[in-house]
Amino acid sequence: NGEWPTLPEMFNINVKRYPNNAYFTDFEGPGGSRNSLNYSQVHEKILTLANWLAVNGVSHGDRVAVTGKNSPEWATVYLAALYAGAIICPIDYALHENEVENLLNTAQPKFLFVDEEKYEYFTSKKFNWQVYSLSPKHPEIYAYNLKSDKTAKITPATENDTAAILFTRGTTGTPKGGLLSHKNLVSDCYIAQTHMNIFPTDVFYALLPIHHAYTMLAVFIEAISIGAELVF
């Protein structure tokens with residue numbers, strides 16, 4: 001209904017257009033074999049997790065944090081937070097645990113999704129946020145296993161609402177949180193396409209850390225916008 005779609009609205013459009021296109025692909029199967037989920041399958045996982053977040057207290061404008069290696073689970077958490085009407089806070093996984101903690105104290109998320117290397121640190125201390133896992137090594141709190149029988153009422157974000165808080169230090173100093181709206185991200189994504197040709201048959205590789213604004217936009221969000229495949 002706005003000048004630009006929100007990120008969930010943009011994703012919904014391409015789920016309808018390209019339901020069977022491969023979206024998330026990794027090579028974490030047996031013997032390094034290929035795993036791939038199509039747009040419909042990813043959409044289902046996103047909706048399931050978004051509903052779980054909302055049932056468990058995440059409401060419009062709340063923060064959800066994610067820190068970990070590039071993975072389908074990382075991307076699912078990112079989008080599920082937005083579908084729940086929340087703000088996603090992607091945190092640099094290369095930071096030391098105390099540095100991550102400092103950023104989380106600033107963001108004050110309700111939930112933190114963390115990869116296996118930092119899992120023990122963030123589950124061994126008492127925080128204001130609840131900790132969940134991006135890794136299937138912790139199946140009871142694994143992102144893909146979080147489901148609720150209840151259906152939450154979700155207030156969706158609008159284009160001018162904050163979508164993400166990106167922490168960046170530039171070249172020096174303490175990282176500061178930059179607030180980016182759905183309109184910021186989606187308009188940048190589409191305007192970039194006036195200078196390049198991309199297609200639903202394309203494959204995007206997430207090689208750089210996806211929490212960086214550049215990779216987030218040029219790989220992750222651009223792929224969503226066209227119905228293309230994203231390889232982790």
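**Overall fold and a parallel strand pair**

Of the 232 residues of the protein chain, 51% count as buried in this predicted model. The secondary structure of the chain comprises seven helices and ten strands, and the radius of gyration of 17 Å lies close to the 17 Å that the globule rule gives for 232 residues, so the chain is as compact as a globular protein of that length. The C-alpha trace spans about 45 × 40 × 40 Å along its principal axes. The accessible surface of the protein chain amounts to about 11200 Å², and 51% of this area belongs to carbon and sulfur atoms. When contacts between residues at least 6 apart in sequence are considered, 65% of them join residues at least 24 apart.

Within this arrangement, strands S3 and S4 were examined in further detail. Strand S3, which covers residues 63-67, pairs with S4 in the parallel sense over four bridges, and in this pairing valine 64 stands opposite isoleucine 88 of S4. Between the two strands the chain passes from S3 through helix H3, formed by residues 72-83, to S4, and the resulting β-α-β crossover is right-handed.

In a regular strand the side chains alternate between the two faces of the sheet. In strand S4, which spans residues 87-90, Ile87 and Cys89 point one way, whereas Ile88 and Pro90 point the other way. Ile87, Ile88, Cys89 and Pro90 are all buried, that is, each has under 20% relative accessible area. Ile88, the residue that valine 64 faces across the strand pair, thus belongs to the buried set of S4.

Methods. Residues are numbered from 1 along each chain as its sequence is written. This is a predicted model: local features need pLDDT of at least 70, side-chain atom pairs count only at pLDDT 80 or more; totals for chains, interfaces and linings use all residues. Side-chain values use heavy atoms; hydrogens and water are left out. Buried means under 20% relative accessible area, exposed over 50%, partly exposed in between (1.4 Å probe, protein chains only). Two strands pair if DSSP finds at least two bridges between them. A crossover is right-handed if, with the strands pointing away from the viewer, the path from the first strand over the helix to the second runs clockwise. The radius of gyration is taken over C-alpha atoms; the globule rule is 2.2 Å times the number of residues to the power 0.38. Contact means heavy atoms within 4.5 Å. Accessible areas come from the Shrake-Rupley method with a 1.4 Å probe; for residues, only the protein chains shown count as cover.
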